Amino acid sequence: MNINQLKNQHLWWRAGFGPPVNRVKELSKQKPEAVFHSILKASERKPVLFDVADPHIRELVSQPMSMGKWQGIKPEEKQMIRKQSVHDIAKLNIRWLDEMTTSDAQLLEKMSLFWHGHFASKTVNILYDQALINVIRENAMGNFRDLLLNVSKSASMIQFLNNNQNRKSHPNENFARELMELFTIGRGNYTETDVKESARAFTGWGASIQGGFDFRPRQHDDGIKTFFGKTGNFSGEDILEILLAQKQTAVFITRKIYRFFVNDIPDEEKVNVLATQFFESGYDIRSLMISIFSSSWFYDQKNIGSQIKSPVLWLVGLRRQLPMEIQNPMVQIVLERLLGQVLFSPPNVAGWPGAKHWIDSSSLMLRMRLPQIVYKSDIISSRPKDDDDVMMGMRDQVLAKNIKKLMNLGTQFFQAKILWEEYMNNFDETQDTAVYAAIRDLLLQRVTPMNENDMLRYIDETDREKRIESISIRLMGTPEYQLC
């Protein structure tokens, strides 16, 4: 593997979900600067917004309706809406997986995945969840100020963090606390007084049934508040601006981005330099990402092959490197649960912890078996952990049972047709004696010493095509393939 191929492969995995199979030959020929420029340019186009919500749900809530009127809907109608929402959120999940797999806007989608975990929310309302991911994808590469404001006013976040119950007479501190601890400045950089005073500023912020922002002036506390040493009749928007004026917010966000895109162990000196640039740019996300991916240290050996692929990154990367037509796409949601990362269903408001938490004994074994399962259209027989952290307190509720039924837990076939011809084109100029090394260099970033004879012991030698297929599947089932 030459230096350009190594750098470009690293770049594709960190700025996206792995190199697409039809561009692999470019990895050794193009300079990393040119590859990043093409990735960046493709991600500057406005994304096509997702719309998978059932028309009946849209029709039902299309007329102005208050929360009080919603309570008057018949129980069986509410049950139907909830059940349909669960089904539609599964469709939204698959729709986004397909977009990550096929889109040229890799950095945009990878950045959206980061923000999806940062602004973790779960409502089991398709209109709310769909609107939030569209807000995130529209602003993922824009300005953090706009992203923060729009997410804070989203129906999904307002409902998830109980701000519909935040009223002048009875302030609810949930959103205000998580806003500081998880979304902006970080734990230890604010006081309990800051939480209480900012919660008063967000009184009256609510969500409509249709999924829009609904400010309720009669429920808003318009009294004087003191927050971060400033005193005034602050609104929710004022609180956000005060938080953005703290450089610690830029440091907190930059550190999380560094851990997600560069290395799980942050280099604090580099984080501080990047955070200063981010803060002085007025929170320009695009500029921050250019600074990261254009830095020479991004390609330091310690950063290459140093991260465990998240379940979504692993699944999408597998599909990008090994093109396939999945006949039962919903099986991917079962895999997400088995591996510990279900889109639109974070374990809690802090999102997925990532890093070494992605791997345990059962999930590692499944990852190593799954390429063979896909290859043979075999059975997935593992069962996801049924704990209340994953189910977010709803384990015994009807809604959780509906989710289980939808996913049809138990044994399932992964029915997929691998499009080998496109993959084989990567090796049409490779001599037979060099095939193993070529496949290894394509699939593994950090090549640790492997006994080639042991790896090739069970390879199908029927013909050249079968040899390439079986080598590829075996390498995808190694521990090294879990890293990027």
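**Packing of helices α5 and α6 and a neighbouring topic, the second largest cavity**

In the predicted model, helices α5 and α6 lie oblique to each other, because an angle that is neither under 35 degrees, nor over 145, nor from 65 to 115 counts as oblique, and the axes of α5 (residues 75–102) and α6 (residues 106–118) cross at roughly 140°. These two axes come within 8 Å, and the crossing in which α5 passes α6 is left-handed.

On the side of α5, the contact is made by Trp96, Glu99 and Met100, which meet Gln106, Glu109, Ser112, Leu113 and His116 of α6. In terms of residue class, the contact of α5 with α6 comprises three nonpolar, three polar and two charged residues.

His116, which belongs to the α6 side of this contact, also appears in the lining of the second largest cavity. The structure holds three cavities of 30 Å³ or more, and the second largest encloses about 50 Å³ of space. Together with His116, the residues Phe119, Ser121, Asp129, Leu132, Ile133, Ser156 and Phe344 line this second largest cavity. Helix α7 (residues 126–139) supplies the largest share of the lining, with three residues. When the lining of the second largest cavity is divided by class, four residues are nonpolar, three are polar and one is charged.

Note on methods
Residues numbered from 1 in each chain as written. Predicted model: local features only at pLDDT ≥ 70, side-chain atom pairs only at ≥ 80, totals over all residues. Heavy atoms only, no water. Axes fitted to C-alpha atoms, helices over the stretch in contact; angles between N-to-C directions. Helix = DSSP H or I, 4+ residues; strand = E, 2+ residues; numbered from the N terminus. Left-handed = near helix turned anticlockwise from the far one by under 90°. Contact = heavy atoms within 4.5 Å. Nonpolar A, V, L, I, M, F, W, Y, C, P; charged D, E, K, R; others polar. 1 Å grid on protein atoms, 1.4 Å probe; cavity = no way out; pocket = protein on both sides within 12 Å on 5 of 7 lines; lining within 4 Å. Points joined across faces, edges and corners; volume = space filled by probe spheres on them.
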